[in-house]
Amino acid sequence: MEDNKAQNFDVIVVGAGPCGAAAAITAARAGAKVLLIERSSYVGAKNMIGGAVFLTALKELFPDDWESAPIERYINKHTWSLLSDNSSVEISCNFPDEFKSASIFRSKFDSWLVEKAKEEGVYFAPSTLVKNLIIREDRVCGVKTELEEIYASVVILADGVNSLLARNIGLRDEHDPKDMVLSVKETLKLPKEVIEERFNIKKGSKNGAAVNFLGGLSLKDAPFALGFMYTYSDCISFGLGVNLEDLAQMGLNPSDLLEKLKEHPVVAPLIEGGELLEYSAHLIPEGGYNKLPKLCKDGVMVAGDAAGFVNGVHFEGTNFAIISGIYAAQSALYALKIKDYSEKTLKLYEKKLKHSFILKDLKSYRNVMENLYFRANSLMNYYPKKASSFFKIFTGANCIPKREEFRNFIFHFIKDRSLKELLCDIKAFLSAVFGVLK
Amino acid sequence: MSEENIKKNGIEDKLTTIKYNCDSKTHLVPDENICSRCEIRCCTYICPAKVYSYDENSGMLNVEYENCLECGACKIACPYDAIGWNYPKAGCGVIYKQS
């Protein structure tokens, strides 16, 4: 190509999170000259995670030394807790010998990834903000930072949920608040022994627990929100993700909602005595398949959160980020090999994603979030309440004939709202389930 | 919940746990013309760091950009797309250590 002389790098990756690091490492391992750029001076300083990364993707990137990652606890006990005003109904599963996900601090985890990248020969530029992409003859051929222009054959955008670069070059539209979840979180210090006792974790083990809370906000019209809690070595994370459009329309503040959830009689004992170490907030893109951006253009690809790769139902994000970063790098490597960086060549990235679990899952889950969102009040209020009253009968021994109680329960289950609501719930449920399975 | 019911103190206390490297210039630039006429100002209540507050007397939207957590919610939620949202200068802004 004519501008070969000016090119400094084969690949520039913008953003040093799990996606960017995975892309940089993959490209560097194959011998490409890679620059990884991060706007923060400390790696991971701009990043927040509910608590856990999935390890399968990490193992794919580091089959031999993934265990040296700064893992806090293996999250192998999961609880879903339906909260009504003053009670809970829970489902829990426990796999004490499985190590599929682990709680991490982004500052430590992302730094570890970047150190790995440096070991592989990746050039790392922290404290560097990319203001724009360099475009020549409609082709992206580098980045413009606050200080200089740096050229590359391929640029990979892994710059996170707010990716201004992807928007500026028309890969994505403006985000719709309906598709975004605003998550606030607190890291709370608790003694190790207290955590192990409270969450029923084997003493001295590296096992850990996650709890998700649905409902419990004591609001008549509840926003679509989900509480989460993860155990770390000697602290816990406790947070709440709330649909951004709901916050705006209902006049709510996410931190105040979290405070409300803290007061719930089932939640309060779990966090009691926890000293606030750090408060944080971050957006999660949950628009899914229907809101995917254009994934590549001449000389550029977008991956990870920047591409909206998140499955909100299963809390998958970091694994999508790592694998999509790997695919983007592999596609860049192919482009470098045949010296053609056009969109047509980089479509290989799209093809890889389509054949992988990432786009397959996003596609089959395309309507799930929307269905859940439309039935938020059922999910957040009605069913937790009904589950609670069912188990009150089941466990109550109320000296009333059970037949009478159960009949009464069924009567109220149907009669407490208009029948239309129930039908809408059933329709949403079936649409979600069949969407995934068909 | 009305705006008065939002406990600002809670957030102020929480923000003291976060480290920042403050930029000397704001990275958040709301459009004064639009904001002064806005009937919702959802930025003043959805922001997890309470960056925005509206001064009825001066008719100005105050922006405490130093507290910004760089989440991007204000820009996306604003129905008039009136908030010019950028990242702070390289190396500046929020520094999460335990998140």
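1. In this predicted model, the secondary structure of chain A amounts to 15 helices together with 17 strands. The radius of gyration of chain A is 24 Å, close to the 22 Å that the globule rule gives for 438 residues, so chain A is as compact as a globular protein of that length. Taken along the principal axes, the C-alpha atoms of chain A fill a box of roughly 85 × 50 × 35 Å.

2. As to the interior of chain A, buried residues account for 51% of its 438 residues. When contacts in chain A are restricted to residues at least 6 apart in sequence, 74% of them join residues at least 24 apart.

3. One helix of chain A deserves a separate remark, namely α14, which covers residues 402-415. At 1.5 Å a residue, the 14 residues of α14(A) should span 20 Å, and the end C-alpha atoms of this helix are 19 Å apart, which agrees with that expectation. The number of buried residues among the 14 in α14(A) is zero, so this helix lies largely in the open. A residue would need 20 or more other C-beta atoms within 10 Å of its own to be called buried.

4. Chain B has four helices and six strands, and from the N terminus on its elements follow the order α-β-β-α-α-β-β-α-β-β. The radius of gyration of chain B is 14 Å, close to the 13 Å that the globule rule gives for 99 residues, so chain B, too, is as compact as a globular protein of its length. The C-alpha trace of chain B spans about 40 × 30 × 25 Å along its principal axes.

5. Buried residues make up 41% of the 99 residues in chain B. Among contacts in chain B between residues at least 6 apart in sequence, the share that joins residues at least 24 apart is 66%.

6. Within chain B, strand β3 (residues 52-55) and strand β4 (residues 60-63) pair in the antiparallel sense over four bridges, and B:Asp55 stands opposite B:Met60 in β4(B). The two strands, β3(B) and β4(B), form a hairpin with four residues between them, and in the turn B:Gly59 has a positive phi of about 70°.

7. B:His27 is placed in the loop between β1 (19-21) and β2 (28-30) of chain B. With 17 C-beta neighbours inside 10 Å, B:His27 counts as partly exposed, because the buried class begins at 20 such neighbours and the exposed class ends at 12. Leaving aside residues up to four places away in sequence, B:His27 touches B:Tyr65, B:Asn86, B:Tyr87 and B:Pro88. Of these partners, B:Asn86 is 59 residues from B:His27 along the chain, yet the C-alpha atoms of B:His27 and B:Asn86 are separated by 5.3 Å.

8. Turning to the interface, 42 residues of chain A are in contact with 33 residues of chain B. On the side of chain A that touches chain B, the elements giving two or more residues are α3 (106-119), β11 (180-189), α6 (244-250), α7 (254-262) and β15 (275-285). The largest share of that side, eight residues, comes from β15(A). By class, the side of chain A that touches chain B consists of 20 nonpolar, 14 polar and eight charged residues. As a general remark for the reader, the size of an interface is often given as the accessible area lost when the parts come together.

Notes:
Residues are numbered from 1 along each chain as its sequence is written. Chains are lettered from A and ligands numbered from 1 in the order in which they are written. This is a predicted model: local features need pLDDT of at least 70, side-chain atom pairs count only at pLDDT 80 or more; totals for chains, interfaces and linings use all residues. Two residues are in contact if their C-beta atoms, placed from the backbone, lie within 7 Å. Ala, Val, Leu, Ile, Met, Phe, Trp, Tyr, Cys and Pro count as nonpolar, Asp, Glu, Lys and Arg as charged, and the others, Gly among them, as polar. The radius of gyration is taken over C-alpha atoms; the globule rule is 2.2 Å times the number of residues to the power 0.38. Two strands pair if DSSP finds at least two bridges between them. The expected span of a helix is 1.5 Å times one less than its number of residues.
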